[in-house]
Amino acid sequence: MFKSLLLSFFILCHFNLNSQIDTINLVSWNIRDFGKTKNSKELDDIAEILRDADIIAIQEVVTGFGGAQAVAKLADILNRKGNKWDYAVSDPTHSSKYVTERYAFIWKTKHIKIKNRGWLLDELDAEVDREPFLLDFYLNKQKFTVINFHSRPHDKNPESEIDALSSFAVDSLPTPLIIAGDFNVDEKEPVFDLLKSKGYNPTIANQRTTLKKTCKRGKYLNYPIDNIFYSNNIKKIDGGVIDFVRLCDRLEQARNLSDHLPVFLKFYLE
């Protein structure tokens with residue numbers, strides 16, 4: 001009996017260990033004006049929020065030197081919290097002066113590998129204000145792709161950009177594929193029907209992800225516009241928003257970090 005229990009214990013431990021290695025926690029976050037505006041304390045606060053992720057996709061990195069520098073500083077702070085991280089920052093998007101930005105990925109290097117530093121999807125240059133940033137990752141030599149995307153504002157027809165990206169993704173990109181970012185559109189809208197018809201699923205539904213400027217009666221969340229879509233050969237374990245606000249009196253401090261909440265997807269590859 002004891003031997004049987006001991007064997008079961010080792011099998012369970014082995015299964016849990018493998019699950020931890022093969023499970024990936026991806027976090028997508030529009031960190032408003034991510035650059036020199038973030039001081040050391042705020043970067044440390046951001047790192048505390050993100051330290052349990054395996055891959056971080058950041059939107060709204062400023063295009064000046066301060067943007068790439070802030071990503072490097074964040075990666076360095078994460079390195080000092082117990083894991084080794086690497087990062088990649090995109091070129092500036094081919095956009096007009098006031099909307100151009102960079103994207104960034106930061107990831108733990110123990111099990112996740114890359115073979116290139118990613119690229120902007122120039123194929124969509126004429127159809128979007130900010131071309132998405134694509135990076136291929138490898139877990140146990142199995143490849144999966146993440147697209148980092150920030151659409152134009154809700155009143156400037158982000159639907160046309162989402163439609164163009166969706167068509168390109170389903171026609172031209174192999175899976176497993178994840179599309180993460182700030183879409184400025186609720187996932188329930190018809191513009192996402194193409195992705196859904198091809199087996200893509202949103203990580204969250206009916207969850208607001210942006211922060212109001214003021215908090216009344218405990219309500220500080222605004223629009224449900226950030227999300228992570230994943231192809232059907234990616235298996236979701238968990239997903240949601242990381243609410244680092246929770247109380248009205250913390251809203252102002254939270255908005256110093258960003259006016260968006262991070263979205264996370266915990267998954268494994270089929």
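What is the volume of the largest pocket? I looked this up first and got about 620 Å³. A pocket here is an open set of points on a 1 Å grid over the protein atoms alone, where a 1.4 Å probe fits and protein lies on both sides within 12 Å along at least five of seven lines. The volume is the space filled by probe spheres set on the points, with grid points joined across faces, edges and corners.

Notes on the source. I am working with a predicted model, in which local features need pLDDT of at least 70 and side-chain atom pairs count only at pLDDT 80 or more, while totals for chains, interfaces and linings use all residues. Residues are numbered from 1 along each chain as its sequence is written, and side-chain values use heavy atoms, with hydrogens and water left out.

Entry 1, the pocket lining. I found 31 residues lining the largest pocket, where a lining residue has an atom within 4 Å of a point. Glu60, Asp182, Asn184, Asp259 and His260 lie nearest the centre of this pocket. Strand E1 (24–34), strand E2 (55–61) and strand E11 (211–216) are the elements that give two or more residues to the lining. E11 gives the most, with three residues. Strands (E, at least two residues) and helices (H or I, at least four) are DSSP runs, numbered from the N terminus.

Entry 2, Asp226. I located Asp226 in strand E13 (residues 226–230). Which side chain of opposite charge is nearest to Asp226? I found Arg130, 11 Å away, and Asp226 is buried yet has no salt bridge. Buried means under 20% relative accessible area, exposed over 50%, and partly exposed in between, with a 1.4 Å probe and protein chains only. For charge, Lys and Arg count as positive and Asp and Glu as negative, while His and the chain ends are not counted. A salt bridge needs a side-chain nitrogen of Lys or Arg within 4 Å of a carboxyl oxygen of Asp or Glu.

The side chain of Asp226 does make polar contacts, one with the side chain of Thr209 at 2.5 Å and one with the side chain of His260 at 2.8 Å. A polar contact is a pair of N or O atoms within 3.5 Å; within protein, one must be able to donate a hydrogen and the other to accept it, and residues adjacent in sequence count only if both atoms are side-chain atoms. I also listed residues that Asp226 touches (heavy atoms within 4.5 Å), leaving out those up to four places away in sequence; among them are Asn30, Gly181, Asp182 and Val263.

Entry 3, Ser160 and Arg152. Ser160 sits in helix H4 (residues 158–172). Why does Ser160 count as partly exposed? Ser160 does so because its relative accessible area is 29%. Its side chain makes a polar contact with the side chain of Arg152 at 3.0 Å and reaches the backbone oxygen of Asn157 at 3.0 Å.

I then followed Arg152, which is buried at 12% relative accessibility. Arg152 and Asp129 meet in a salt bridge of 3.2 Å, N to O. Arg152 lies in the loop between strand E8 (142–150) and H4, and Asp129 in the loop between strand E6 (119–120) and strand E7 (133–139), so this pair ties together parts that are 23 residues apart in sequence. Asp129 is partly exposed at 27%. Arg152 also forms a salt bridge with Glu161, with the closest N and O atoms 3.4 Å apart. Glu161 is buried, with a relative accessible area of 0%.

Entry 4, other salt bridges. How many salt bridges does the structure hold? I noted 13. One of them joins the side chains of Lys196 and Glu187 at 3.0 Å, N to O. Lys196 is partly exposed at 31%, whereas Glu187 is buried at 9%. Asp44, Glu48, Arg51 and Lys81 are joined into one network by salt bridges that share partners.

Entry 5, the backbone. I found a cis peptide bond between Thr175 and Pro176, with omega about 10 degrees. Pro176 is in the loop between H4 and strand E9 (177–182). Asp33, in strand E1, is not a glycine but has a positive phi of about 50 degrees. Asn206 also has a positive phi, near 55 degrees, and lies in the loop between strand E10 (201–202) and E11. Asp33 is partly exposed at 33%, and Asn206 is exposed at 64%.
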